[in-house]
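Reader: Hi! I have a structure open and would love a friendly tour. Could you start with what sits in the middle?

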Amino acid sequence: MSEFGPDVIINKAAYLHPSALIYGKVRLEKGVSLWPYTVIRAESEEVVIGEYTNIQDFVMIHIGASTGTIVGSHCSITHHCTLHGCTIGDNCLIGINTTIMDGCVIGNNCIIAGHSFLKEGTVIPDNSIVMGTPGKVVRTQNNYARCRLNAFMYYRNALAFKHGKHREWASEECLKEMQSEMDKLQKEQAALEQQT
């Protein structure tokens, strides 16, 4: 961890693959995982990755000209995504090969479909499903449980990989835990929806 430099703060991350590269002012919160060949650079603004968020293989995270990149908690930033000077809320899933540009703000509980492109300054409300180039909201639904479950799965996977175990998702124990977690998350989502 010391090789990342003095401005990189790592608060009990779950797993950092040895090929992950981090430069500049970056903060990784509890439970974060960085997977193979992720790159994070913050030469002027700041990058913050929230608790239990996973940054998957070949993701590039950079700052904008005047905006940092902030990713909320319990998010999944999937393979080959580019995040550039944007803000992403809690409990979001950003699909494979998506690009999110400077000044974009993604609300909580959102799913951005794979291969989407969100142009500069795009604002996406909470509970949205977004698709396309440029990305547009195609449906509104609360994705809290689905996105949190994905983050939970990656957190378990991260803890397993940290100990050299690469088949966590195939284990009976993990499958039972995933079902139990999904049941819990669906109840939480239902309670949240009743409050609104």
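Author: Happy to! One term to begin with: a nonpolar core is a set of buried Ala, Val, Leu, Ile, Met, Phe, Trp, Tyr and Cys residues joined through side-chain atoms within 4.5 Å. Keep in mind, too, that this is a predicted model.

Reader: Got it. How many residues does the largest nonpolar core have here?

Author: The largest one has 36 residues, and Leu28, Ile77 and Ile88 have the most contacts inside it. Strand 1 (8–10), strand 3 and strand 5 are the elements that give two or more residues to this core. Strand 5 provides the largest share, 4 residues.

Reader: And what does isoleucine 77 touch?

Author: Leaving aside residues up to four places away in sequence, isoleucine 77 touches Asn54, Ile55, Gln56, Val59, Val71, Leu83, Ile88 and Ile94. There is also another core that lies apart from the largest one; it has 9 residues, among them Ala145, Leu149, Met153 and Met178.

Reader: Met178, which helix is that in?

Author: Met178 is in helix 2, where it is buried along with Cys174, Glu181, Met182, Leu185 and Gln189. The buried residues of helix 2 pack against helix 1.

Reader: Why would buried residues be spaced like that along a helix?

Author: An α-helix has 3.6 residues a turn, so residues three or four places apart point the same way.

Reader: Nice. How many residues does helix 2 have, and how far does it reach?

Author: Helix 2 has 24 residues and spans 35 Å from its first C-alpha to its last, close to the 34 Å expected at 1.5 Å a residue.

Reader: Switching to strands. You said strand 5 gives the largest share of the core. Which strands does strand 5 pair with?

Author: Let's take its partners in turn. Strand 3 (residues 21–28) pairs with strand 5 (residues 39–49) in the parallel sense over 7 bridges. Strand 5 also pairs in the parallel sense with strand 7 (residues 60–62), over 2 bridges, and with strand 8 (residues 69–71), over 3 bridges.

Reader: Which residues stand opposite each other there?

Author: Isoleucine 22 stands opposite isoleucine 40 in strand 5. Isoleucine 40 also has a bridge partner in strand 7, namely isoleucine 61. Further along, isoleucine 49 stands opposite valine 71 in strand 8.

Reader: What about the sheet of 8 strands, what's its order?

Author: That open sheet runs in the order 2-4-6-9-12-15-18-19, with mixed pairing. Its edge strands are strand 2 (15–16) and strand 19 (136–140), each pairing on one side only. Within the order, strand 12 (residues 93–94) and strand 15 (residues 111–112) run parallel and are joined by 2 bridges. Isoleucine 94 stands opposite isoleucine 112 in strand 15.

Reader: Isoleucine 94 rings a bell. Where did it come up?

Author: Among the residues that isoleucine 77 touches.

Reader: Okay, new topic: charges. How many salt bridges are there?

Author: A search of the whole structure finds 5. In one of them, arginine 27 pairs with glutamate 29, and their closest N and O atoms are 2.6 Å apart. Another joins arginine 41 to glutamate 43, with 2.4 Å between the closest N and O atoms.

Reader: Are those residues buried or exposed?

Author: It's a mix. Arginine 27 is partly exposed at 27% relative accessibility, while glutamate 29 is buried at 17%. Arginine 41 is partly exposed at 29%, and glutamate 43 is exposed at 51%.

Reader: Which salt bridge links distant parts of the chain?

Author: Glutamate 168 with arginine 156, whose closest N and O atoms are 2.7 Å apart. Glutamate 168 is in the loop between helix 1 (144–162) and helix 2 (172–195), arginine 156 is in helix 1, and the two are 12 residues apart. Glutamate 168 is buried at 14% relative accessibility, as is arginine 156 at 16%. Elsewhere, Arg27, Glu29 and Glu46 are joined into one network by salt bridges that share partners.

Reader: Last one: how many disulfides?

Author: The count comes to 0. For cysteine 86, the nearest cysteine sulfur belongs to cysteine 104, 6.4 Å away. Cysteine 86 is buried, with a relative accessible area of 0%.

Reader: Why is cysteine 147 not bonded to cysteine 92?

Author: Because their sulfurs are 6.2 Å apart, too far for a bond, even though cysteine 92 has the closest cysteine sulfur. Cysteine 147 is buried as well, with a relative accessible area of 1%.

Notes. Residues are numbered from 1 along each chain as its sequence is written. This is a predicted model: local features need pLDDT of at least 70, side-chain atom pairs count only at pLDDT 80 or more; totals for chains, interfaces and linings use all residues. Side-chain values use heavy atoms; hydrogens and water are left out. A salt bridge is a side-chain nitrogen of Lys or Arg within 4 Å of a carboxyl oxygen of Asp or Glu. Buried means under 20% relative accessible area, exposed over 50%, partly exposed in between (1.4 Å probe, protein chains only). Two strands pair if DSSP finds at least two bridges between them. A disulfide is a pair of cysteine sulfur atoms within 2.5 Å. The expected span of a helix is 1.5 Å times one less than its number of residues. Contact means heavy atoms within 4.5 Å.
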